[in-house]
Amino acid sequence: FIKSITIHDLMTNGSPIPAGGTNPIRVPVTLRKSSGLSFVRRASRFTLRATRNAFATVGIVTVAAGYAYTRDAEIEKEDGSSVVINGSGSELMDGIRYRLELPLHNIKIVERNDQGLQSTIQSFVTSGSDKPLTIELRKLIDTIVAAAHDPKITSLHATFGDNLHLGPAQIEELRDAIILFNQVNPGQSSPNANNNPDHQTIKLDKPKSSSCYTHSFGNQKVYWTASAFERVKMLQHSGVVMLTGISSTHIFAKDLLDRHKVGAEGIFREKYKKAYSIFTDRTFTPEHLDNISSILASIHDSIFSSIAKSRSLPSPTESSFGRKFWYNVLNSGPIFDDEAEQTGLVDGTALGGEDETVKECERLTLERYSRILRNREKGHFFNQVKRQYQKLKENSFTDLDFSVR
């Protein structure tokens, strides 16, 4: 090992070099063998630099891909003209008819979409086409209503399963949006035209249409919702329509409480207030039965009257023939495809899949159209700000009233 080294410096404590030559300075040096710790440090620094470079590369690629995805692209049509479309789908192309697709067989409709930790983990675990789309009911309805007043969307296409978990009031709201889509005619103005200058009169060659498909209507809620579409078809001959009416189940625990010598005390008013009947009664009282029967009859008439109106069938509330018709329908289930078509519940069986009229339109997914609507809302907001700013520029600020009220 080297014990020391000699350094020949040109200056020594700031004095000139002696006449004899250079002034040697002996400096002791201690050399140690490299330990494993320094190797770990070097490895960790190398790993850190490699990771940092990798993240930087991913960031650059992501930004470049985002730019390529969102930049405008010019597409040439058959007639020689060209249209500019945004790559992210921020707007639809002119001259093309679109059909909005509602995959209700793979949609989870909720009142409020709270994305918690469990939902986040589930979104990572579930992937591919089997991953259900979670959407709020209000947003779904607003999307359908917006499509009804969008002149570029000419048809509504839905596919159903047996997983439509909605209450009667929610189904009525969804049906009203679908019926609104069906009732839009050429030349009809948007209901928001007075409030939103960006909304103009709808220009259509023919009325909009809607259609839905399913393998089988094994759920009465599903058929109730699907009956709002203009065309209702099944995709197989073995499909059935299950219409069973509605029912209510009540439990009376009076005997159970008496067996265990437990008494129940409650305060209620009048005979029709039966909230405590589960603890105080052993069966229905006449008032309780009358109360439940009237509620069920009201819901029953609402369901099948709306189905009859959409499918041009006799109403159960307007004539004795209508009541008898629906009595026979509810007591003859399950109804297979041929009988359902003869009765008027469905429009036939589409063994080849979608109709040709549906295939003529360009496919527009619900996710893409939701992004388009968000971008339009942002643009409408900025347009409002711009118009307000123009008004401020045209009018003098002295004319404005800034007094505090």
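Is Cys 361 buried or exposed? Cys 361 is buried, with a relative accessible area of 7%. The structure described here is a predicted model. A search of the whole structure gives 10 salt bridges and 0 disulfides. The points below treat the charged pairs, the surface patches, the cysteines and several loop residues in turn.

**Salt bridges**

- Side chains of opposite charge can pair when their charged atoms come close.
- One such pair is Arg 99 with Glu 101, whose side chains meet in a salt bridge at 2.9 Å, N to O. Arg 99 counts as buried, at 7% relative accessibility, and Glu 101 counts as buried as well, at 13%.
- Another salt bridge is formed by Arg 376 and Asp 150, with 2.9 Å between the closest N and O atoms. Arg 376 belongs to helix 12 (residues 366–394), while Asp 150 sits in the loop between helix 3 (137–148) and strand 8 (153–159), so this pair ties together parts that are 226 residues apart in sequence. Asp 150 is buried, at 4% relative accessibility, whereas Arg 376 is partly exposed, at 28%.
- Arg 282 forms a salt bridge with Asp 255, and here the closest N and O atoms are 2.5 Å apart. Arg 282 lies in the loop between helix 7 (277–280) and helix 8 (286–311), and Asp 255 lies in helix 6 (residues 254–259), so the pair ties together parts that are 27 residues apart in sequence. With a relative accessible area of 51%, Arg 282 is exposed; Asp 255 is partly exposed, with 41%.
- Arg 282 and Asp 255 also belong to one network with Lys 254 and Asp 258, joined by salt bridges that share partners.

**Surface patches**

- Five arginines, namely Arg 41, Arg 42, Arg 45, Arg 49 and Arg 52, form a positive patch on the surface.
- Within this patch, Arg 49 is located in helix 1 (residues 36–70). The relative accessible area of Arg 49 is 40%, and this residue is therefore partly exposed.
- A nonpolar surface patch is made up of Phe 268, Tyr 276 and Phe 279, which together have about 280 Å² of accessible area.
- Of these residues, Tyr 276 is found in the loop between helix 6 and helix 7. Tyr 276 counts as partly exposed, at 33% relative accessibility.

**Cysteines**

- A disulfide is a covalent bond between the sulfur atoms of two cysteines.
- The count of disulfides in this model comes to 0.
- Cys 212 counts as buried, at 0% relative accessibility. Cys 361 is likewise buried, with a relative accessible area of 7%.

**Loop residues with positive phi**

- Lys 261 is a residue other than glycine with a positive phi, near 55 degrees. Lys 261 lies in the loop between helix 6 and helix 7. At 81% relative accessibility, which is over the 50% cut-off, Lys 261 counts as exposed.
- Ser 312 is not a glycine either, yet its phi is positive, at about 55 degrees. This serine is placed in the loop between helix 8 and helix 9. Ser 312 is exposed, with a relative accessible area of 67%.

**Buried loop residues and their spatial neighbours**

- Pro 316 is located in the loop between helix 8 and helix 9 (320–330). The relative accessible area of Pro 316 is 6%, which is under the 20% cut-off, so Pro 316 is buried.
- Pro 316 and Tyr 327 are separated by 11 residues in sequence and by 8.7 Å in space, from C-alpha to C-alpha.
- Ala 228 occupies the loop between helix 5 (220–226) and strand 10 (231–234). Ala 228 counts as buried, at 4% relative accessibility.
- Ala 228 and Arg 175 are 53 residues apart along the chain, and their C-alpha atoms are separated by 5.7 Å.

Terms used: Residues are numbered from 1 along each chain as its sequence is written. This is a predicted model: local features need pLDDT of at least 70, side-chain atom pairs count only at pLDDT 80 or more; totals for chains, interfaces and linings use all residues. Side-chain values use heavy atoms; hydrogens and water are left out. Patches are made of residues with over 30% relative accessible area and no salt bridge: like charges are joined within 9 Å, nonpolar side chains (Val, Leu, Ile, Met, Phe, Trp, Tyr) within 5 Å. Accessible areas come from the Shrake-Rupley method with a 1.4 Å probe; for residues, only the protein chains shown count as cover. A salt bridge is a side-chain nitrogen of Lys or Arg within 4 Å of a carboxyl oxygen of Asp or Glu. Lys and Arg count as positive and Asp and Glu as negative; His and the chain ends are not counted. The place of a charge is taken as NZ of Lys, CZ of Arg, CG of Asp or CD of Glu. Helices (H or I, at least four residues) and strands (E, at least two) are DSSP runs, numbered from the N terminus. Buried means under 20% relative accessible area, exposed over 50%, partly exposed in between (1.4 Å probe, protein chains only). A disulfide is a pair of cysteine sulfur atoms within 2.5 Å.
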